[in-house]
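Reader: I am a first-year student, and I would like a close look at one part of this model. Please take me through the metal site and then its surroundings, step by step.

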Amino acid sequence: MDTTAPGSVESDNIYVVDTSAIMSRRIDMLNRKLVFPASVLEEIRKGKLRRLLDVVSPEINVYAPSKESRRDVVSFATRSGDITVLSDTDIDVIALALELKATIITDDYAIENVAEFMGIHYVGSDLKPIKSKIKWSFRCTGCGKFYKSDIGTCRICGHALKRVPVRKTGKK
Ligand SMILES: [Zn+2]
């Protein structure tokens with residue numbers, strides 16, 4: 001079993017970077033092997049963060065994750081309850097980290113949570129370990145019944161479900 005703590009930073013690691021981490025503007029200080037999903041790069045190109053690319057471009061490698069790893073991520077995220085708040089780009093980030101056995105650099109809470117559940121290492125954009133783990137549940141806004149997954153509306157009373165955390169530990 002891998003006993004390395006989630007979030008520990010090792011210099012020979014590959015890092016998959018998501019848009020939230022790039023937006024933190026600390027990434028350009030990294031001298032590490034950075035990998036971007038093609039979709040993240042596309043998001044940056046369209047936005048005002050474009051000039052940041054010039055700073056980091058010698059360091060970056062662009063890959064697209066496979067359909068298989070994307071499917072794995074969707075499956076885990078459905079179980080953890082994060083699937084409703086993950087974008088396609090978020091799924092790419094996690095899928096790529098899964099494939100490359102990379103560490104994710106992200107400030108996105110849903111990405112961190114799914115990574116945690118999948119045993120993928122991740123750090124915040126400050127590269128400090130994150131000690132947090134949330135499991136989401138879905139609570140009926142009418143009768144208050146809890147559901148493990150988002151089934152849309154309550155089976156008992158038909159009201160909408162709301163995503164709520166079941167467990168939360170140590171987030172700074
Ligand atoms: Zn209900």
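**The zinc site and the cores**

Author: C140 and C154 are both buried. The model is a predicted one, and these two cysteines are a good place to start. For C154 the relative accessibility is 5%; because the cut-off for buried is under 20%, C154 counts as buried. C157 has a relative accessible area of 32% and is therefore partly exposed.

What coordinates the zinc ion? Four sulfur atoms do: the SG atoms of C140, C143, C154 and C157, at 2.3 Å. The angles among the four donor atoms run from 96 to 120°, and the site is tetrahedral. For comparison, the ideal angle for four tetrahedral donors is 109.5 degrees.

Along the sequence, the donor residues follow the spacing C-x2-C-x10-C-x2-C. C140 belongs to strand β6 (residues 135–140), while C154 sits in the loop between β7 (146–147) and β8 (161–167), so this pair ties together parts that lie 14 residues apart in sequence.

A disulfide is a covalent bond between the sulfur atoms of two cysteines. How many disulfides does a search of the whole structure find? The search finds zero.

C140 also has a place in a nonpolar core. In the largest nonpolar core there are 31 residues, and F36, L86, I94 and I104 touch the most other members. Helix α5 (residues 88–100) supplies the largest share of this core, six residues. A second, separate core has five residues, including F138, C140, Y147 and L161. In soluble globular proteins, nonpolar side chains tend to be buried together.

Within the largest core, L86 can be followed further. Setting aside residues up to four places away in sequence, L86 touches A77, I91, I94, A110, I111 and V114.

Two of those partners, I91 and I94, are among the buried residues of α5, which are T89, D90, I91, D92, V93, I94, A95, L96 and A97. The 13 residues of α5, at 1.5 Å a residue, should span 18 Å, and the end C-alpha atoms are 18 Å apart, which agrees. Just after α5 comes K101, with a positive phi of about 50°.

Helix α4 (residues 67–80) contains S69. S69 has a relative accessibility of 5%, so S69 counts as buried. Apart from neighbours within four places in sequence, S69 is in contact with A95, L98 and E99.

Note on methods: Residues numbered from 1 in each chain as written. Predicted model: local features only at pLDDT ≥ 70, side-chain atom pairs only at ≥ 80, totals over all residues. Heavy atoms only, no water. Core = buried A, V, L, I, M, F, W, Y, C linked by side-chain atoms within 4.5 Å. Buried < 20%, exposed > 50% of the residue type's maximum accessible area, 1.4 Å probe, protein only. Helix = DSSP H or I, 4+ residues; strand = E, 2+ residues; numbered from the N terminus. Contact = heavy atoms within 4.5 Å. Donors = N, O, S within 2.8 Å, 3.2 Å for Na, K, Ca; no water. Tetrahedral: all angles 85-135°; square planar, octahedral: opposite > 155°, others 65-115°. Expected span 1.5 Å × (residues − 1). Disulfide = S-S within 2.5 Å.
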